[in-house]
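Subject: Structure handover

Hi,

Here is the structure I promised to pass on. Please open it alongside this message.

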Amino acid sequence: MNHKDAYDLRGLFWPDWLKEHWHKAGGSLNGLTEPTVSQVLYSLVIANKPSDDLYHLPYTIVETGVYYGATACWLALAAKEADAQYYGFDVLNDSVTMVNKLFEDHDLTSNARVLRGSAPQAVIDLFAQDGEGCSIDLLFIDDDHSGAHVEDEYRTLWPLIRPGGIMAFHDVIGGFPIWEVIKSFTDDIVKLVSQPFNQTGQAPFGGLGILRKPVD
Amino acid sequence: MKISFPHPSLLEDWKSGLYSTGVTEPWTQQVVAAILTASNKYSVLELGTYLGHTTVWLADALKYTGGKVTSVELDPERCEAAKERLTNCVGGDNWTVVQSDSLAFLREQPVGAYDFVWVDDDHTLSHVAEEMNLLLDRNHQIVAKGGIVLMHDVIGPHALGGICKRWHGTILDFPKLGTDGGLGVIQVSDL
């Protein structure tokens, strides 16, 4: 099995235009999130939406570190289906421009936009604008992978996660300290060893950590 | 909200209200299938076929990886109905429906036989506790090292979440169709 074939998921979850974009951008070997991991995030957005009669705030998805938008587009598609709002953050102008263009091209701008800024402060600033009581329903952390930064994002953004909401981390496998940092805070976390990492042996990192904020 | 289904007949069942009879919520099924696809597992066991809806999701997800799902159901009529559903929806030979009591079935399984297990049969506490013992007991661990056990209905009156927690599992709470719901995720150490 070659590396490209390893990502030939069913069309139900991976539109052709997004598949083409992912391959053109270099895929996992260029640090893009594995589509299998993005698919899990997509399904979590769909599944984790609270019942309308219990929850009246906007359903909000946030990603730190958009890069080529491989996951941003999945989350934007999920946001469209779940009537949610997706906000992505990246420090690079090129990423912001490129991914917002993808959103325009695929009718996703009503539910998704990428902002230039450095997390966690940029996220805090956005929510300060939106007023008290706003919260994040699913946060995907995938920017600076240094231990100090991951800890800063966890400590700063965890209070913004709604009870029952999800904080997820990319690259919990490999040479980054992400898993160790999160495990130092909690044992109640799922660690997915993603398919490409094991199957091809080529990607040096990957996987997904899923952490749910308790309701009580 | 748009809900995805791997086969049109499942959508028809959703529209007809069949899912309200105890079928796993489709959004939960989608998460289960996504975790299976992402986690590189090939030998899948389902305890509690019921009408075969989740079995279709599992078998469909395994089409690409080459894995196989074995589904265990006590009721002979449900077994036959599930086989018909799987034949129509998935075809192929990557699934098996076994008519058996799940505890009796598990007692016959070798160590490390499965690396992905979906538990959704008899919800009585003693039954599920015994299932988990058989699956995860370190002296005869049926679930392979690094494997994943997913439990349905860990939130609600059946209180299965306590069993999930006992095995150091994580609980995800999704909207329910009935009184119980949610997804328990237990990861087996790869050491």
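My notes on the two chains follow, with a closer look at one helix and one loop residue.

First, a caution: this is a predicted model.

**Chain B overall**

Chain B has 7 helices and 7 strands. Starting at the N terminus, the order is α-α-β-α-β-α-β-α-β-α-β-α-β-β. The radius of gyration is 15 Å, close to the 16 Å from the globule rule for 191 residues, so chain B is as compact as a globular protein of that length. Along the principal axes, its C-alpha atoms fill a box of roughly 45 × 35 × 30 Å.

Buried residues make up 59% of the 191 in chain B. Take the contacts in chain B with a separation of 6 or more: 72% of them join residues 24 or more positions apart. The exposed area of chain B is about 7,500 Å², with 52% supplied by carbon and sulfur atoms.

On charges, chain B carries 14 positive and 24 negative ones. The mean positions of the two sets lie 6 Å apart.

**Helix α6 of chain B**

This helix covers residues 125-136, 12 residues in total. From first C-alpha to last it reaches 16 Å, close to the 16 Å expected at 1.5 Å a residue.

Which residues of α6(B) are buried? They are B:H127, B:V128, B:A129, B:E131, B:M132, B:L134, B:L135 and B:L136. B:E131 is thus one of the buried residues. An α-helix has 3.6 residues a turn, so residues three or four places apart point the same way.

What do the buried residues of α6(B) pack against? The partners in chain B are two helices and four strands by label: α5 (102-107) and α7 (161-166), then β1 (43-47), β4 (114-119), β5 (143-155) and β7 (181-187).

**A loop residue: B:G92**

B:G92 sits in the loop of chain B between α4 (76-89) and β3 (95-99). Is B:G92 buried or exposed? Its relative accessibility is 67%, so B:G92 counts as exposed, the cut-off being over 50%. B:K63 is 29 residues away from B:G92 in sequence. In space, their C-alpha atoms are 8.5 Å apart.

**Chain A**

Chain A has 8 helices and 7 strands. Of its 216 residues, 59% are buried. Among chain A contacts with a separation of 6 or more, 74% are between residues 24 or more positions apart. The accessible surface of chain A is about 8,700 Å², and carbon and sulfur atoms account for 49% of that.

Over to you.

Methods
Residues numbered from 1 in each chain as written. Chains lettered and ligands numbered in written order. Predicted model: local features only at pLDDT ≥ 70, side-chain atom pairs only at ≥ 80, totals over all residues. Heavy atoms only, no water. Expected span 1.5 Å × (residues − 1). Buried < 20%, exposed > 50% of the residue type's maximum accessible area, 1.4 Å probe, protein only. Contact = heavy atoms within 4.5 Å. Rg over C-alpha atoms; globule rule 2.2 N^0.38 Å. Areas by Shrake-Rupley, 256 points an atom, 1.4 Å probe, with all protein chains shown as cover. Lys, Arg positive; Asp, Glu negative; His and termini not counted. Charge placed at Lys NZ, Arg CZ, Asp CG, Glu CD.
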